[in-house]
Amino acid sequence: MSDLTFQNLDELEPLAQQVLPKTVFGYYASGSETESTLRDNRAVFSRYRLMPRMMVDVSNVDTTLTLLGRKVAYPVLIAPMAMQCMAHPDGELAVSRAAAAEGIPMVQSTMGTVGLADVRQAGVGGALMFFQLYVFKNRGFVRQLVQHAERSGYGGLMVTVDAPFLGKREADERNNFKLPDGLRLANLEGLGANLGAEAGANTDAAVHDAGEGSGVSKHFSDNIDASLTWSFVAWLRSVTSLPIFVKGILSAHDAEKGVDAGVDGIVVSNHGGRQLDTAPASLDALPAIAAAVGKRVPVLVDGGIRRGTDIIKALALGADAVLLGRPVLWGLALGGQEGVHKVLETLRKELRLSMALMGCPSLAHLNRRMVLAPWEHPSARL
Ligand SMILES: Cc1cc2nc3c(=O)[nH]c(=O)nc-3n(C[C@H](O)[C@H](O)[C@H](O)COP(=O)(O)O)c2cc1C
Ligand SMILES: CCCCC(=O)C(=O)O
């Protein structure tokens, strides 16, 4: 690990590719179908430009924010990502510890390879943590899972709404991707038991034994409830007192529906380009959603965040914070907890420096006039 040297997050993917098995790298890195959305998530950031302000006292830069009443060190959360023990034996525990050390929230996936209570325990003393919820057909199991997360000390739920089925990930189909032997989806162990003899409900068989094609895709379609609608939010409220965010919103229409349904936060996301291919880049979808939400609830965004300036653009366009995905897995693969820490530290330092160069001593100084959309010319009076 001590020899892990990199200057920026874009350098990490090829380094991680050298140390990860081909099937695992393929699952982590890939998007769906033509990967057009995956590429656009990244490309969009160079289409927007930043307009700095001069002669502002930036001798002290404050990157902190308050989310759900809790202090967060800088406006980054770790995105929920499944099966982190494939990257490193410490998996989710290492990520939780690194996030806690940095004072930022981790969002733990339902599909973790370490139990949610242990991941929470590893993050005690750090920022609030979220539990990402995939909604299973078996509602009794969902209730148990949510209540287990609440009892374990998670401070919020993030319900993923863009995945009634998994997107068509051709790398996983080609590689016959499955969960490697010796690893388990630790939060789902009660699921098989709960489902008893129901047809097609044997979770472990599907996820470990791909047969033809992708094992995770089959596991998903066997178990996930594709009939979900907005009335689910009221049901979830009836079984938990945790704040409820929805993750995977791309239209102002859906953001309105979510706020009307009573959600406590919106996550603008296309799932890292892994679900509907050719869906818009998250950053392009953000401004209309932020306008529709109008500060009624926090708006987060993810997809392609790799630089401090990316965070600034997202916040200037109306986000309260961003989620960071794949670079965390690359740091984990290359150096465990220390590797993840180095990824976060690199991003934090870039953010602080770019805020100073923008003339923004705090996040509250960022506003829409500090970013130029592709159709806006720098000579426009801003
Ligand atoms: C390997 C991998 C696994 C993921 N697993 C989940 C998951 O379990 N639940 C979820 O809501 N999103 C999941 N996502 C989507 C991320 O939370 C996030 O939306 C996306 O990765 C952000 O884009 P970025 O990787 O470009 O930063 C996953 C993404 C990746 C790359
Ligand atoms: C069966 C795990 C699915 C996790 C996920 O959301 C993703 O791979 O994008």
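**Entry 1: helix packing.** I looked up how helix α1 (residues 12-19) sits against helix α15 (residues 326-358), and found the two packing at an angle of about 45°, with their axes 9 Å apart. The model is predicted. I put the pair down as oblique, because angles between 35 and 65 degrees are neither roughly parallel nor roughly perpendicular. I noted the crossing of α1 and α15 as left-handed. On the α1 side I listed Leu 12, Glu 13, Leu 15, Ala 16 and Val 19 as making the contact. On the α15 side I listed Pro 327, Trp 330, Gly 331, Ala 333 and Leu 334. I sorted the residues of this contact into 8 nonpolar, 1 polar and 1 charged.

**Entry 2: positive phi.** I then looked at backbone angles. Glu 35 is not a glycine, yet its phi is positive, near 60°. I placed Glu 35 in the loop that joins α2 (22-29) to α3 (36-47). I counted 19 C-beta neighbours inside 10 Å of Glu 35; buried requires 20 or more, so Glu 35 is entered as partly exposed.

Met 83 also has a positive phi, near 55°, and is likewise a residue other than glycine. I found Met 83 in the loop between β4 (76-78) and α4 (91-102). I entered Met 83 as buried because 23 other C-beta atoms lie within 10 Å.

**Entry 3: ligand 1.** I looked up the surroundings of ligand 1 last. There are 23 residues around ligand 1, and those that come nearest are Ala 79, Ser 109, Thr 160, Gly 272 and Gly 325. I split this shell by type and got 9 nonpolar, 10 polar and 4 charged residues.

Key
Residues numbered from 1 in each chain as written. Chains lettered and ligands numbered in written order. Predicted model: local features only at pLDDT ≥ 70, side-chain atom pairs only at ≥ 80, totals over all residues. Helix = DSSP H or I, 4+ residues; strand = E, 2+ residues; numbered from the N terminus. Buried ≥ 20, exposed ≤ 12 C-beta atoms within 10 Å, placed from the backbone. Near = placed C-beta within 6 Å. Nonpolar A, V, L, I, M, F, W, Y, C, P; charged D, E, K, R; others polar. Axes fitted to C-alpha atoms, helices over the stretch in contact; angles between N-to-C directions. Parallel < 35°, antiparallel > 145°, perpendicular 65-115°, else oblique. Left-handed = near helix turned anticlockwise from the far one by under 90°. Contact = placed C-beta atoms within 7 Å.
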